[in-house]
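Visitor: I would like to go through this structure with you. Could we begin with one helix and work outward?

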Amino acid sequence: MEDVFVKVVPGLFSTAEDRDAKRNELTEKHFAPFFDKLATRLADRQYLCGETLTVYDMSVGGILINLFTNPSAKDAEYWATIWAAVPDKVKKYHADVSAEFKDYLEKRPKNCTL
């Protein structure tokens, strides 16, 4: 996850006039391959390292929850568009990680961007 974000953060949070073009390029070049690799990595596992939640799941799952599917995230519509194309295996993974943090997520302020 960190490999991807190091490359995309400058374009994603840019205020330049060509921001939309940069974001679209980053989406195609980095996010789509990342989600395909993540789906392959998950294969028949519930979590990244097997059937038990690990610190890696907290990192990757946290990004998915806090950025891609958080309705209060900055540019939530953009993230939702990307999320719509994510492989089903990754969406299942997101649901499983979210279930682990259900209590926190239910109590989190509705306007929380993270």
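**Helix 5 and its surroundings**

Visitor: Which residues of helix 5 are buried?
Guide: In this predicted model, the buried residues of helix 5 are Val-90, Tyr-93, His-94, Asp-96, Val-97 and Ser-98.

Visitor: And what do the buried residues of helix 5 pack against?
Guide: They pack against helix 2 (19-42), helix 3 (55-68), helix 4 (76-84) and helix 6 (102-107).

Visitor: How far apart are the end C-alpha atoms of helix 5?
Guide: They are 19 Å apart. Helix 5 has 13 residues, 88-100, and at 1.5 Å a residue it should span 18 Å, so the two values agree.

Visitor: Changing topic: how are helix 3 and helix 4 oriented to each other?
Guide: Their axes come within 9 Å and cross at roughly 125°. An angle between 115 and 145 degrees counts as oblique, and helix 3 and helix 4 are therefore oblique to each other.

Visitor: Which residues meet there?
Guide: Leu-64, Leu-67 and Phe-68 of helix 3 meet Trp-79, Ala-80, Ile-82 and Trp-83 of helix 4. By class, the residues of this contact are seven nonpolar, no polar and no charged.

Visitor: What about the protein overall: how many helices and strands are there?
Guide: There are six helices and zero strands.

Visitor: What percentage of the residues is buried?
Guide: Of the 114 residues, 39% count as buried. The protein exposes about 7,100 Å², and carbon and sulfur atoms supply 55% of that area.

Visitor: And what share of the contacts links residues 24 or more positions apart?
Guide: Among contacts with a separation of 6 or more, such residues account for 66%.

Technical notes: Residues numbered from 1 in each chain as written. Predicted model: local features only at pLDDT ≥ 70, side-chain atom pairs only at ≥ 80, totals over all residues. Heavy atoms only, no water. Helix = DSSP H or I, 4+ residues; strand = E, 2+ residues; numbered from the N terminus. Expected span 1.5 Å × (residues − 1). Buried < 20%, exposed > 50% of the residue type's maximum accessible area, 1.4 Å probe, protein only. Contact = heavy atoms within 4.5 Å. Axes fitted to C-alpha atoms, helices over the stretch in contact; angles between N-to-C directions. Parallel < 35°, antiparallel > 145°, perpendicular 65-115°, else oblique. Nonpolar A, V, L, I, M, F, W, Y, C, P; charged D, E, K, R; others polar. Areas by Shrake-Rupley, 256 points an atom, 1.4 Å probe, with all protein chains shown as cover.
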